[in-house]
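Colleague: Can you walk me through this one? I'd like the main features, briefly.

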Amino acid sequence: MAGSLYERLGGIDAITAVVHDFRDRVAGDARINQKFAKSDLGRLTKMLIDQVCEATGGPCKYTGRSMKEAHAGMKVTTGEFDALVQDLVTTLNHFKVGKAEQDEILGVLGPLKPEIVEVDSSQVRTPLPSTYQPAPAIMR
């Protein structure tokens, strides 16, 4: 497999398309969409694109908060994290991303689980705590 994962995925245009589809899929997933109720979708989309681009060897630089800081107080469950991963795999399959590339992507994201999950439970559809404060919107 020649080239970085970023190149094999198709570069920034392909990553952007995948992130948009994934974001929309998550927004429509009742198992987890409550956790994004306070999120600025523009900021979330930009941060995801930058994070995936950088993590796959692309030229982008992720400048957002750490995963632990970004998810602190959200009370994300193991079940919700797993549902998010399922949505990602569905999106990757939709774009016909190869198994080797999918495994690489999941290998990069898997270690983030302990930084995101705060509740060891298979429960999904849990509400976002009213005390959670998301990052401010990106100023244009």
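Modeller: We can take the pocket, the disulfide and a few residues in turn. One note before that: this is a predicted model.

Colleague: Pocket, then. How much space lies in the largest pocket?
Modeller: About 1000 Å³. It is lined by 45 residues.

Colleague: Which of those residues are closest to its centre?
Modeller: Phe 36, Leu 44, Leu 48, Gln 51 and His 71.

Colleague: And how does the lining of the largest pocket divide into nonpolar, polar and charged?
Modeller: There are 34 nonpolar residues, 5 polar and 6 charged.

Colleague: Which helices each supply at least two residues of that lining?
Modeller: Helix 2, helix 3 (41-55), helix 4 (67-71), helix 5 (78-94) and helix 6 (99-109).

Colleague: Where does the largest share come from?
Modeller: From helix 2, with 8 residues.

Colleague: Let's stay on helix 2. Where is Arg 23 found?
Modeller: In helix 2, which covers residues 11-27.

Colleague: Is Arg 23 buried or exposed?
Modeller: Buried. Its relative accessibility is 19%, and the cut-off for buried is under 20%, so Arg 23 counts as buried.

Colleague: What does the side chain of Arg 23 make a polar contact with?
Modeller: The side chain of Asp 24, at 3.0 Å.

Colleague: What else does Arg 23 touch, not counting residues up to four places away in sequence?
Modeller: Leu 41 and Thr 45.

Colleague: Now Ala 14. Where is that found?
Modeller: Also in helix 2. Ala 14 has a relative accessible area of 23%, so it is partly exposed.

Colleague: How far apart are Ala 14 and Phe 95 in sequence and in space?
Modeller: They are 81 residues apart in sequence. In space they are 8.9 Å apart, C-alpha to C-alpha.

Colleague: Switching to cysteines. How many disulfides does the count come to?
Modeller: The count is 1 disulfide. Cys 53 and Cys 60 form it.

Colleague: How far apart are their sulfur atoms?
Modeller: 2.2 Å.

Colleague: Right-handed or left-handed disulfide, and why?
Modeller: Right-handed, because the torsion about the S-S bond of Cys 53 and Cys 60 is about 80 degrees.

Colleague: Are Cys 53 and Cys 60 buried or exposed?
Modeller: Cys 53 is buried, and Cys 60 is buried too.

Terms used. Residues are numbered from 1 along each chain as its sequence is written. This is a predicted model: local features need pLDDT of at least 70, side-chain atom pairs count only at pLDDT 80 or more; totals for chains, interfaces and linings use all residues. Side-chain values use heavy atoms; hydrogens and water are left out. Helices (H or I, at least four residues) and strands (E, at least two) are DSSP runs, numbered from the N terminus. Buried means under 20% relative accessible area, exposed over 50%, partly exposed in between (1.4 Å probe, protein chains only). A polar contact is a pair of N or O atoms within 3.5 Å; within protein, one must be able to donate a hydrogen and the other to accept it, and residues adjacent in sequence count only if both atoms are side-chain atoms. Contact means heavy atoms within 4.5 Å. On a 1 Å grid over the protein atoms alone, a cavity is a set of points where a 1.4 Å probe fits but cannot get out, and a pocket is an open set with protein on both sides within 12 Å along at least five of seven lines; lining residues have an atom within 4 Å of a point. Grid points are joined across faces, edges and corners, and a volume is the space filled by probe spheres set on the points. Ala, Val, Leu, Ile, Met, Phe, Trp, Tyr, Cys and Pro count as nonpolar, Asp, Glu, Lys and Arg as charged, and the others, Gly among them, as polar. A disulfide is a pair of cysteine sulfur atoms within 2.5 Å.
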